[in-house]
Every structure is written in C-alpha cells, then in structure tokens.
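This briefing goes through one protein chain by topic. Look at the sequence and the model first, then read the points below.

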Amino acid sequence: QGDVGRFLVDALSEALEGDEDMKDYPATFKYIDPSYMVRGVAANTADAQFCSLLAAQAVHGAFAGFTGFTVGLVNNRTVLIPIWMIAGATRQVDPNGRFWNRVLANTQQPSLK
C-alpha cells in the first residue's frame, strides 16, 4: 500500500508536465498529512456524542430527500445548512480573539505567539 500523498503529488506533477499552458508556471506541491491537523487531543465522550448527533441528523436529512447540505449546530439546535450558504465566502478567525482561544484550550494546542 502506497502513501496517498505521494501518489497525489506524482499524479498532479505528471499531469501538469505535459500541459503547454503551464510551461511558464512551474508547480510545486506540499502534501501535509491531514491526520496531524484534524485534532490535537484524543476524542472524548462529548465528541463521540456530538458526532453521533450530527451523523443521525445527516441521515434524517438524506432520508427526507435533501441533498447538497451539511449538518451543524446553530444556537444549540441541529440544523441542515445548504452547502452554497457556507461555501460562498471565507471566514477569518482573529488569532487574538475569544473563538481562537477556545480552540486552543479545547485542543490543548500551544499559542501561535
């Protein structure tokens, strides 16, 4: 079994080598294994319950015939959110703000400062 990251880098590099439009724009790829970035600490019971809740709601939405949505928690209620509503713009997190400090505390990550 090969590394998917190495496979993707090789496949993309090979695909771009023969592209005449890209000959003046050299491409480099950096693959970071996402398993290192998803979580800084082990999952706990609250995480398992939350994931189970989101999964159940996603199944309910699919069985109801909805497509193109994701499930989230808004004002302490599970909701179905259309993908177009969350994919239209990027959010920026203030590295000095309360939200980021909560992320650092919950994941036990060191500060970026």
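Tyr31 sits in the loop that lies between α1 (4-17) and α2 (45-63). The model is a predicted one. Tyr31 is partly exposed, because its relative accessible area is 35%, and a residue counts as exposed only over 50% and as buried only under 20%.

**Surface patch**
- Tyr31 is one of the residues of a nonpolar patch on the surface.
- The other members of this patch are Val4, Phe7, Leu8, Leu12 and Phe29.
- Together, the six side chains named here belong to residues with about 540 Å² of accessible area.
- In an α-helix, residues three or four places apart point the same way, because there are 3.6 residues a turn.

**The chain as a whole**
- The chain contains four helices and two strands.
- Along the sequence, these elements come in the order α-α-β-β-α-α.
- The chain has 113 residues, and 9% of them count as buried.
- Among contacts with a separation of 6 or more, 13% join residues that are 24 or more positions apart.
- About 10000 Å² of the chain is exposed, and 56% of this area comes from carbon and sulfur atoms.

**Helix α2 and its two ends**
- Helix α2 is made of 19 residues.
- From the first C-alpha of α2 to the last, the distance is 27 Å, which is close to the 27 Å expected at 1.5 Å a residue.
- At the start of α2, Asn44 has a side-chain oxygen within 3.1 Å of the backbone nitrogen of Ala46.
- Just after α2 comes Gly65, with a positive phi of about 95°.

**The loop between the strands**
- Which residues other than glycine have a positive phi here? Asn75 has a phi near 50°, and Asn76 has a phi near 65°.
- Most residues other than glycine have a negative phi.
- Asn75 belongs to the loop between β1 (69-74) and β2 (77-82), and Asn76 is found in the loop between β1 and β2 as well.
- Are Asn75 and Asn76 buried or exposed? Asn75 is exposed, because its relative accessible area is 71%, and Asn76 also counts as exposed because its relative accessibility is 70%.
- Both values are over the 50% that a residue must pass to count as exposed.

Terms used. Residues are numbered from 1 along each chain as its sequence is written. This is a predicted model: local features need pLDDT of at least 70, side-chain atom pairs count only at pLDDT 80 or more; totals for chains, interfaces and linings use all residues. Side-chain values use heavy atoms; hydrogens and water are left out. Buried means under 20% relative accessible area, exposed over 50%, partly exposed in between (1.4 Å probe, protein chains only). Contact means heavy atoms within 4.5 Å. Accessible areas come from the Shrake-Rupley method with a 1.4 Å probe; for residues, only the protein chains shown count as cover. Patches are made of residues with over 30% relative accessible area and no salt bridge: like charges are joined within 9 Å, nonpolar side chains (Val, Leu, Ile, Met, Phe, Trp, Tyr) within 5 Å. A salt bridge is a side-chain nitrogen of Lys or Arg within 4 Å of a carboxyl oxygen of Asp or Glu. The expected span of a helix is 1.5 Å times one less than its number of residues. A polar contact is a pair of N or O atoms within 3.5 Å; within protein, one must be able to donate a hydrogen and the other to accept it, and residues adjacent in sequence count only if both atoms are side-chain atoms.
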